[in-house]
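Visitor: I am new to this structure and would like to know how its descriptive terms are justified. Please show it to me first.

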Amino acid sequence: MRYITLFLCLAVVIWYPENSLAQRVNGVCTVNGTVADCSHSKLTNIPSSLPANITCLNMLGNSLSNITGRPWQRYKHLKKLSLARNRITALHKGNFDGLQKLEMLDLSLNLIRYTSIHKDVFKPLRSLVFLDIKQNLSGISVSEYYPEGLKNLIHLKTLVIDGLGTQALPHLPNLIELYMSGEYGRCYIPHINGNFFENITTVQNIFLSNCSIKKVDFNSFMALHNITSLDMSDNINLGMESLPNITSGLARKQRLKRLNLNDLYDHSQFDFCSSLNYDDVKYLSNSSIEMVTIENNNIVRMDVKSVEHWPKSIKYISIQHNMFLYGNYTPFLILTDVLNRTVYLDASRMAAANRPIYSSEDAMKMVLLKSNMQQHGTESVCRLMFTRYQVGDYFQFIENRLKQNDINTDTSKNLEPKLEYLDLSENLPVLIERIFEIFPHIPNLKVLNVSRNYLGYPLYDGPSIIGQLKHLRTLDLSDNKIIRLSPNIFNNLTKLEKLYLSHNKISNITFDLSHSKNLHYIDLGYNNLESINQATRDTLDNISKNHKLNHVHVNIANNSLKCTCENLLFYSWVKKNTTYIVNKDNTNCTFKNSTSVSLSTLIKNYDHFERECSNYLVIILVTSIAFIFIIVIITSALMYRFRWNLRYMYYMTKLKLLANYQRLNDTEYEKEVFVSYADEDRRFVAEKVRLELEERGEISLLIHDRDFRAGAFVQDNILRAISCTRRTLVILTKQFLKSKWCMYEFNMARMEAADTGRNVLCFILKEDIPTTELPVEMIDALKKITYIEYPTADDDLSQFWDRLRATLKHET
């Protein structure tokens, strides 16, 4: 807390020099109109040369040990004064003479013992409505008592004071807010009895958090007829069993709106657990309470009867950091009319592994402080110099969160379920699965937080899960082990404004965002993205055009961004739309040599990066063309080399598929010999070959002039002839070599022999042909296969035909 205060105080100092109207006084104080800031200037006295008309003076963090003389006579118009974090040890009579108009005084975190405060020191402060006298002291003296002089502050509305045991405060007839919390200063109130509030019955807001309270008597709060807010959090020795005594005195308090009962459980004790019973809530059942927080109390079950008697007026409830293991309480609360006016429900962190090591309020207060620091104007700056307003309370945090998310808190005119804010982060998988079933019953939901669960697989069917929440504006899916999301998961979320997907394992944006026209922030940090793809970039551009005044802001820090030329278009888009990417200084991309730079640096040196990529792309282009050219040449060569194999395979496949061809065995051939010859040898075949082989040798021949099927493709006829005969007889002449179809028949027969292993080819060398005129395939075949030369002398013809007939009949 000390560091938070210092941070805020420094922020106040920094704010003034930015204003053109500010001016320095004596080199230590900054004056802006009627506001003087002398904080953290090592002053030992009140400055005497400031403008006399100042109304706000900040002396926080100096070295004042006492207030001497009459320093305030010059500053009679002062309304706000902070002397916090000095070294003042006592307050003497006359210390505040002249401050009749003072309304707010902060004396916090000095070294003042309450016994060292003169009884008349506050008499001049006739207009004082705010007083902070919490001190930076260790321990509480037995003889220490509340300052008697407080009774002179009859108009005091806010008192910030240390809690001193069980004694009652002096009579303060107009007190509205009592802040004793131990968040700073001291607070030790072991026992609250019925007399504790007897002199401050008008008080409305009471903060007793972190006050080491061990016991609360029955009906202790009965005298507080106007009580509006009660904070009893961080009193771990009370336990949940103290709830009946706390709530008994709040029965029928129609002005009570806010109750904070967080952290009443001592987490160092693991030998018992808590439950919420009917007796704990029965006194509140008819109240008009709106905000209830019972976080971090190790509650494992709720009696159904207790739930049914919860106040029907509750609008905001937080039950996070408990362990509801024995019932689906969240669905029960939503599906019944128990909380029919509730707009805010936080049921997060229900897993046993999430036992906290610090109060959940600490984080909340930090958020509130940041929110306060964003305020501008003299009034807010003067307000922030008071320690009390540097420590945000949890009630204010929830209300600020609702305002930031535009959550409607007015349910007075509509008793239908209007849940608009639901937090289910860090929950049990069983509860999450059940919650998905009730989404149709909460159509007005605006904010949904289901982060830190294991929803990667369930969310793959996204539209069936979240597509019904058409009014959703903020969706937190971070840390859910998501690898990819279905493309249309967000199609129905047309009102979506903020989408959180950080701390997942997303490597590519597969989901469509084009329907979310109101989207203005998407968090993709801590994923595995190498870039943002073109489709998503176009979508973000279109959405930004529709926004007119505001662009979509994207966080892609801590991803696997690659500074490669393949992503050049992405980085060109980043440079063109530099406002899209947030946190560019902490968003790095990595080069191929493993070095990395921030996006800011890359954008500054983009022209150099683009030139390098241009040269690189030229090299890649030339290399690619050369590679393709080589592949084409090799492919062409292989196709030419195996052209007959490919033709044979093609036509054989065609024959099998279209003609239902089945390969025949040796006894099933249609004809014995297919005769392949050139047209010039047609007479020789008709008069000699047919006579000697078919008529005299009784060898059936397939002659294409006679036996080819009419109307069929030549190629089909040839392949059928070769495959349906035992042998192919080639009449080899010079005209045969010149004929395209003859060479086709030869090569198909050669492929048939290779494919089946049969001895298919038989040659008649009818003419003397030089080897140089023969193709390579023919020479290779003649070397492997016995051929018969046609005799030139008539005496040898009879022996030739006998040999040929024997070869065709018997050789296989």
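Visitor: What makes β30 and β31 a pair?
Guide: Two strands pair if DSSP finds at least two bridges between them. Strand β30 (residues 671–676) and β31 run parallel and are joined by three bridges, so they count as paired under that definition. Strands here are DSSP runs of E with at least two residues, and helices are runs of H or I with at least four, numbered from the N terminus. Opposite Val675 stands Ile703 in β31.

Guide: A word on the source is due. This is a predicted model, in which local features need pLDDT of at least 70 and side-chain atom pairs pLDDT 80 or more, while totals for chains, interfaces and linings use all residues. Residues are numbered from 1 along each chain as its sequence is written, and side-chain values use heavy atoms, leaving out hydrogens and water.

Visitor: Which strands are the edge strands of the open sheet of five strands?
Guide: The order is β31-β30-β32-β33-β34, with parallel pairing. The edge strands are β31 (701–703) and β34 (787–789), because each pairs on one side only.

Visitor: How do you know that Asn58 is buried or exposed?
Guide: Buried means under 20% relative accessible area, exposed over 50%, and partly exposed in between, with a 1.4 Å probe and protein chains only. Asn58 has a relative accessible area of 2%, so Asn58 is called buried. Asn58 lies in strand β4 (residues 56–58), and its side chain reaches the backbone nitrogen of Leu60 at 3.1 Å.

Technical notes:
A polar contact is a pair of N or O atoms within 3.5 Å; within protein, one must be able to donate a hydrogen and the other to accept it, and residues adjacent in sequence count only if both atoms are side-chain atoms.
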